[in-house]
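Visitor: Could you walk me through this one and show how each label is earned?
Guide: Gladly; let us look together.

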Amino acid sequence: MNDIDLSEIKTPNDIRNMSIAELTQLAAEMRSALMNKLSVHGGHVGPNLGMVEAVIALHYVFDTPKDKIVFDVSHQTYPHKMITGRMRAFTDPAHYDDVTGYTNPNESKYDLFSLGHTSSAVALAAGIAKARDLQGGTENVVAVIGDGSLSGGVAFEGLDYGATLGSNFIVIVNDNQMSIAENHGGIYADLRLLRNTNGTAEPNLFRSMGYAYRYVNYGNDLNSLIKMFRAVKDIDHPVVVHINTMKGMGLPVAEADKEQFHFCAPFDLKTGAPLHEQPAQSAPEDYSDLFAKFMLRRMQENSKVVTITAGTPGVLGFDKARRREAGRQFIDVGIAEQSAVDVASGLAKGGARPVAGFVSSFLQRAYDQFSQDIAINRQAATFVVFYGTMFGMNDETHLGFFDIALLSNIPSLLFLAPTCKEEFEAMLDWSIRQDKQPVVVRIPGTVAVSNPAVALLDDYSVPAYDIVREGSEVALIGAGLMFGIMQQAADILAKEGIDVTLINPRNLSTLDTATLDSLKDYKMVITAEDGIIDGGYGQKVASYLGESPVKVLNLGLPKKFLNRYDYKQLQQECGLTPESIANAARSVLK
């Protein structure tokens, strides 16, 4: 058979007249294009390779975009983008960055939502289906959700409501037996039993909730998928189609190590080795690795110390070997941030010493639990924030700079911002030992910075700013990662004979009013934080100093959903470079 010219695939209509043999050839060529791009560009490897056939079959059978498809998380939507007019972004290296890694309505009418967080597709699709019913529509509504996403509470809530619709509502459960790492939760025993019995086992979770149920044992077979999707198309009641797929399909290294190749940087297609890995002796120390080593020591010393993750153990530095070493003192609740926070609260109540780690962008999913179940009850649990920075992930669905404003304003929740690895370990160690209140420790960036001279405290519950350099007239207060940038600004000014006061605030939830009172006669106080200005730390300082003569300048990020921004450009635009900060100080001194 002749090769298929992928550049001619502009819309799903271009594949709907193909034979099964042609569709099979199309799948092979799309998979090859994906591997070529991902190996040099990086991205979500395993989820997309495993869903090539399913996505082709969906667009082959359903009349998209009239029929609506909502993809959960969007980790598996590269094939969808290829079929819906964005093929060039996967075949032409000059255009690899033309599209985001997630569904995005600004890119295509085939994308219904910007989605980068898990478990929401079923509820979103249920809402679309209800709107269709209210208006007398007849289009199919399809939700595509992975087995890993089923551990999230909103997935259960969406399934619970969707079962009551009494109309066309199709849920595709993509079961590849993996989350980001291995699955955790009782539901997976039920899915395993269904796989082992070719979908015939009882009890059946989906049937018990009110869904009709269909099973496809080989979810990478186009013939089987097309036959099944045709069978449920235009159905008049809610149905779950459970498909058994292979994560990383077609790439041996990804099939062999599904966790490593869920998402990865550029790699060698044959060996799977990173293309740009630095020699171990020159690679910068990573906070994830630092955290994991620290927690393993504490867990070995004290059986009450527990590390918790919500489905992202790699972010915490806990690879398979470290998870085995930690044993029962390492808890993965699945992709369920709300449960992770509440499990931590229960552990603290029971006398344990829980430490839960979250990606900044994901912890916002558990705001109510932080407020109600942790803060109001003053449970002495510790929460470590990873990637809480403008220099981390930059897709609009994964921004890491809202956490300061989000959490530092919850009463009784202590929000600490270390400036270096020594301070991070000291704050974490103190937090585990204390039993008075919940503590959030925000890691300063990703690459560990060392400062052996940093002043450490025996008790971080009392607000006590560290006055690193004492001058007059202008004070620079740098929170967390921004302290180093403020320090560079102070060094610039020192070379010009200008002495400024340089402060590490340490605590972003409670003000050191005694130190702030000493600044009231200054000409200017400049605060800088690696988060949004609105509701952030700097505004607390500005509010406190509001009636004094001192001018307060708050530097930080805008309250916007920025998308794939350039780090250096954003830093410059926000005045967060050392030279920009020095210029602000010069302006008031002149």
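**From labels to values**

Guide: A search of the whole structure finds zero disulfides, a disulfide being a pair of cysteine sulfur atoms within 2.5 Å. A disulfide is a covalent bond between the sulfur atoms of two cysteines. Please keep in mind that this is a predicted model, where local features need pLDDT of at least 70 and side-chain atom pairs count only at pLDDT 80 or more, while totals for chains, interfaces and linings use all residues. Residues are numbered from 1 along each chain as its sequence is written, and side-chain values use heavy atoms, with hydrogens and water left out.

Visitor: Why is Cys420 called buried?
Guide: Buried means under 20% relative accessible area, exposed means over 50%, and partly exposed is in between (1.4 Å probe, protein chains only). Cys420 has 1% relative accessibility, so it counts as buried.

Visitor: And what makes Cys574 buried?
Guide: Its relative accessible area is 14%, and therefore Cys574 falls under the 20% cut-off. Of the 590 residues of the chain, 59% count as buried.

Visitor: What radius of gyration would a compact globule with 590 residues have, and what does the chain have?
Guide: The rule for a globule is 2.2 Å times the number of residues to the power 0.38, with the radius taken over C-alpha atoms. That gives a value near 25 Å for 590 residues; the chain has 26 Å, so the two agree. Along its principal axes, the C-alpha trace spans about 80 × 55 × 55 Å.

Visitor: How many helices and strands are there?
Guide: The chain has 23 helices and 18 strands. Both are DSSP runs numbered from the N terminus: helices are H or I with at least four residues, strands E with at least two.

Visitor: Where is Ser288, and why is it called buried?
Guide: Ser288 sits in helix H12 (residues 287–301). Its relative accessibility is 8%, so Ser288 counts as buried. Beyond its neighbours within four places in sequence, Ser288 is in contact with Gly314, Val315, Leu316, Gly317 and Phe386, where contact means heavy atoms within 4.5 Å. Gly314 is 26 residues away along the chain, and the C-alpha atoms of Ser288 and Gly314 are separated by 8.0 Å.

Visitor: What makes Pro578 buried?
Guide: At 15% relative accessibility, Pro578 is below the cut-off and so counts as buried. Pro578 belongs to helix H23 (residues 578–589). Not counting residues up to four places away in sequence, Pro578 touches Ile485, Gln488, Ala489 and Ile492. From Pro578 to His237 the C-alpha distance is 61 Å, with their positions 341 residues apart in sequence.

Visitor: What is notable about the phi of Tyr387?
Guide: Tyr387 has a positive phi of about 60° although it is not a glycine. Most residues other than glycine have a negative phi, and most peptide bonds are trans. Tyr387 lies in the loop between strand S11 (382–386) and helix H17 (403–407).

Visitor: Why is Tyr387 called partly exposed?
Guide: Its relative accessibility is 26%, which lies between 20% and 50%, so Tyr387 counts as partly exposed. Ser412, at 23%, counts as partly exposed too, and its phi is near 70°, a positive value.

Visitor: Which peptide bonds from Thr64 and Glu202 are cis?
Guide: The bond from Thr64 to Pro65 is cis, with omega near 10°. The bond from Glu202 to Pro203 is cis, with omega near 5°.
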